[in-house]
Amino acid sequence: MAEPSSPAYISPARIDAPNVSVLVPICNVERYLEECLDSLVAQSFTDFEVLCINDGSTDGSLAIIHRYMEADARFRVIDKPNSGYGASMNMGLANAIGEYIAILESDDFFEPNALELLVDVAECNQSDVVKGDFYLYWSTPQERDELFRIVDEQEIGRTMRPIDDLAIFFRKPSIWSALYRTSFLKDNGIDFLETPGASYQDAGFNFKVWASAARATFIADPILHYRQDNEKSSVNSAAKVYCVCDEYASMASFVNDRLDGDPRLMGILESMKFDSYMWNYDRLSGDLRGDFIVRASSEFADDLDKGLVDFRLFDPWTAADLRLLASDPERFCELHERAAGGGALGTVRRLLALGGPALVLKTVAHKLGHKSIRRLNARGGAA
């Protein structure tokens, strides 16, 4: 088999006009790669190609890819120096020849009927995107699957514009439990931000899909197993401090440049941004938190001045948090740290400091009697 003779080697397609191109980004994942690729070989639907995008692996991943290529003409390789997830995925998108795009992370694996189910639904509904559910999967200490529930009863079986029922925007950006029409992605300029070593690129791609889709179909069927016990996965690795800021700036530019600055989408983006910034803040070490929160405060103060924030998409306590963050980041950090690990009593004390008894009462009433239009649970699934 030919060795790379340029910065990126792209093997030619050996089958004509596959219905689906499956993108598999790969970087030093030899431990799980065979299970992933075996799940593609076992698919009940057979009209697909697999683009194995090797991002400079230094382990045995490339040799594993070559074995599958030798055994099955549907497998191709893009072998390139390490440049990050976004660059890998964009190269895959640029070289895919299928009518549809599927994504399978190299430490996850498909259900045997995954592609058949997704393609059938897409064809029946003329969908831009089909969104399925998935299992959280643990291989140790014993095998275990737990249904995530990424869609709820209001979405299941429907084909719609996500902007007309915006809850899906706030769910975990699980871009691999879906099928995308290739022409839809290309016509709308949907791709990944290429920030070497960064994370959050899935959030940007996910937002662009929901913001642009005219026909999104939602199904309850779980199509893959999302591994939770890969110690090298992005789930457990520290992100660069400001890459989340870069990703959200890119999303805002997408709305402004391609969607006429739609205020509904900008409001959604502000709510998503606050959630992501707080998640990033909580996982930073103490010496990095201060600088990050100063930048976050400046950004949200500017966004408030521009009228971009839609407080209907915020719970009462997060709205109070946002206002305090924008006006007094030091006080925000003080209250945040004080409540950490304080349980219910710590939460009440923090609410009292944020907005007095009125905010406590408003929060209780909200939790007891209000169903948020975000319809979101604590782990990012459907409430």
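**View 1. Strands β7 and β8 run antiparallel and are joined by 4 bridges.** The model shown here is predicted. Strand β8 covers residues 144-147, while strand β7 covers residues 129-138. A hairpin links β7 to β8 through 5 residues. Look for Y137 on this side of the pairing: D145 in β8 stands opposite Y137.

**View 2. Strand β7 also pairs with β11, in the parallel sense.** Strand β11 spans residues 216-227. The two strands share 7 bridges. To find the pairing, start at L136, whose bridge partner in β11 is Y226.

**View 3. A further pairing joins β7 to β10, in the antiparallel sense.** Strand β10 is made of residues 178-181. It meets β7 over 3 bridges. V129 marks the spot: its bridge partner in β10 is Y180.

**View 4. Strand β7 is mostly covered.** How many of its 10 residues are buried? The count is 9. The pairings seen above are with β8, β11 and β10. In a regular strand, side chains alternate between the two faces of the sheet.

**View 5. Helix α10 runs from residue 316 to residue 327.** The helix has 12 residues. From its first C-alpha to its last, α10 reaches 17 Å. That is close to the 16 Å expected at 1.5 Å a residue.

**View 6. Helix α10 is mostly covered, with 9 of its 12 residues buried.** Which residues are buried in α10? They are P316, T318, A319, A320, D321, L322, L324, L325 and A326. Which helices do the buried residues of α10 pack against? The partners are α8 (263-283), α9 (286-305), α11 (329-339) and α12 (343-369).

**View 7. R375 lies in the segment after α12.** Is R375 buried or exposed? Its relative accessible area is 6%. The cut-off for buried is under 20%, so R375 counts as buried. The R375 side chain makes a polar contact with the side chain of E155, at 3.4 Å.

**View 8. R375 is in contact with residues beyond its neighbours within four places in sequence.** Among them are D152, Q154 and E155. D165, A167 and R171 are also in contact with R375. So are G381, A382 and A383. E155 is worth finding in both views of R375: the two residues are in contact, and their side chains make the polar contact.

Key
Residues are numbered from 1 along each chain as its sequence is written. This is a predicted model: local features need pLDDT of at least 70, side-chain atom pairs count only at pLDDT 80 or more; totals for chains, interfaces and linings use all residues. Side-chain values use heavy atoms; hydrogens and water are left out. The expected span of a helix is 1.5 Å times one less than its number of residues. Buried means under 20% relative accessible area, exposed over 50%, partly exposed in between (1.4 Å probe, protein chains only). Contact means heavy atoms within 4.5 Å. Two strands pair if DSSP finds at least two bridges between them. A polar contact is a pair of N or O atoms within 3.5 Å; within protein, one must be able to donate a hydrogen and the other to accept it, and residues adjacent in sequence count only if both atoms are side-chain atoms.
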